[in-house]
Amino acid sequence: MNIRKETRDTDGPNHVAIIMDGNGRWATQRGKPRLFGHQAGARRVREVVKACPDLGVKYVTIFAFSTENWKRTQTEVAGLMALFRRYIQREANYLHRMGVCVRFIGDRVRLDKKLQALMDFLEDLTKDNSTTHLTIALNYGARDEVTRATQRMAVEVAEGRLKPEQVNSEVLASFLDTYVLPDPDLVIRTSGEARISNFLLWQSAYAEYEFIDTHWPDFTPEVFEAVVNRYGGRDRRFGAARA
Ligand code: IPE
Ligand code: IPE
Ligand code: MG
């Protein structure tokens with residue numbers, strides 16, 4: 001029996017959500033175009049997912065593209081979309097072999113058909129896996145998610161399948177994109193900004209936050225482990241008085 005892992009299973013975060021920030025600055029510091037940073041960032045994901053079982057992390061959710069990121073130049077947006085397509089094509093078999101179950105959250109409708117088809121393919125390929133649950137937030141915004149959920153809930157009420165007085169926080173949560181996921185225990189944002197940028201607002205109500213200076217392309221498994229270990233020392237009280 002592995003004592004180290006046992007301790008981690010009880011003390012460590014079950015669900016880690018990551019705002020992968022700083023790709024652009026990382027590239028600029030090296031005199032390279034921003035897309036060079038996004039490519040380096042995409043390569044980091046593999047090692048981070050691979051490190052999860054040893055850290056006792058069962059669920060990992062990564063913020064890849066926000067509903068606000070369409071404001072970037074056409075070149076950057078197109079480059080990112082091409083990168084997402086290539087990422088799925090290149091990583092699908094590897095993720096599947098590692099036993100990773102992949103899901104996407106966010107509004108897919110605005111994404112191009114080829115990318116949507118690849119996302120469906122990867123979800124379907126890995127749907128029975130359970131070693132690690134990787135959720136990729138793509139065209140995701142928390143306000144957009146809550147708005148879409150509210151619209152669907154309103155349809156249920158209007159058509160008589162749901163009574164207004166039946167709406168409670170569990171029902172609302174069941175309409176969110178994350179309905180199958182536990183809430184994040186730990187949210188990490190890289191590259192020094194201390195803001196949430198519209199990520200998992202409802203789900204992270206009681207999460208612990210770690211804002212670290214490292215840019216995402218420098219986020220090694222060692223950095224990940226150090227942040228996860230810090231979490232073990234936190235006292236989460238969920239509104240109760242200190243025991
Ligand atoms: C995060 O890195 C990746 C995406 C938002 C797609 P950024 O591209 O935001 O990098 P910075 O913040 O400009 O350095
Ligand atoms: C958040 O980073 C979105 C992703 C990491 C995908 P941004 O770089 O877009 O956030 P802001 O603009 O600094 O708030
Ligand atoms: Mg940024």
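Lys and Arg count as positive and Asp and Glu as negative, with His and the chain ends not counted; the place of a charge is NZ of Lys, CZ of Arg, CG of Asp or CD of Glu. This is a predicted model, where local features need pLDDT of at least 70, side-chain atom pairs count only at pLDDT 80 or more, and totals for chains, interfaces and linings use all residues. Residues are numbered from 1 along each chain as its sequence is written, chains are lettered from A and ligands numbered from 1 in the order in which they are written, and side-chain values use heavy atoms, with hydrogens and water left out.

**Exercise 1. Find how many positive and negative side chains the chain has, and how far apart the centres of the two sets lie.**

Step 1: Counting gives 36 positive and 32 negative side chains.
Step 2: The centres of these two sets are 6 Å apart.

**Exercise 2. Work out the order of the helices and strands in the chain.**

Step 1: Helices (H or I, at least four residues) and strands (E, at least two) are DSSP runs, numbered from the N terminus.
Step 2: On that basis there are eight helices and six strands.
Step 3: Read from the N terminus, the order is α-β-α-α-β-α-β-α-β-α-α-β-β-α.

**Exercise 3. Compare the radius of gyration of the chain with that of a compact globule.**

Step 1: The radius is taken over C-alpha atoms, and the globule rule is 2.2 Å times the number of residues to the power 0.38.
Step 2: For 243 residues the rule gives a value near 18 Å, and the chain agrees because its own value is 18 Å.
Step 3: Along the principal axes, the C-alpha atoms fill a box of roughly 55 × 50 × 35 Å.

**Exercise 4. Describe the largest nonpolar core and the contacts of L134, a member of this core.**

Step 1: Buried means under 20% relative accessible area, exposed over 50%, and partly exposed in between (1.4 Å probe, protein chains only).
Step 2: A nonpolar core is a set of buried Ala, Val, Leu, Ile, Met, Phe, Trp, Tyr and Cys residues joined through side-chain atoms within 4.5 Å.
Step 3: The largest such core has 43 residues, and I18, L134, I188 and F224 touch the most other members.
Step 4: Helix 4 (residues 74–97) gives this core its largest share, nine residues.
Step 5: A second, separate core has 11 residues, including I19, Y140, A142 and V187.
Step 6: Contact means heavy atoms within 4.5 Å. Beyond its neighbours within four places in sequence, L134 is in contact with V49, V60, I62, L95, V100, C101, V102 and R103.

**Exercise 5. Decide whether S66 and V171 are buried or exposed, and name their contacts.**

Step 1: S66 is part of strand 2 (residues 59–66), and it counts as buried because its relative accessibility is 7%.
Step 2: Not counting residues up to four places away in sequence, S66 touches N139 and Y140.
Step 3: V171 belongs to helix 7 (residues 169–175), and at 19% relative accessibility V171 also counts as buried.
Step 4: With neighbours within four places in sequence left aside, V171 is in contact with M153, L162 and Q166.
Step 5: V171 and M153 are 18 residues apart in sequence, with 9.0 Å between their C-alpha atoms.

**Exercise 6. Place P33 and A158, and say whether each is buried or exposed.**

Step 1: P33 sits in the loop between helix 2 (23–29) and helix 3 (34–55); at 55% relative accessibility, P33 counts as exposed.
Step 2: A158 is in helix 6 (residues 142–158), and its 69% relative accessibility makes A158 exposed.
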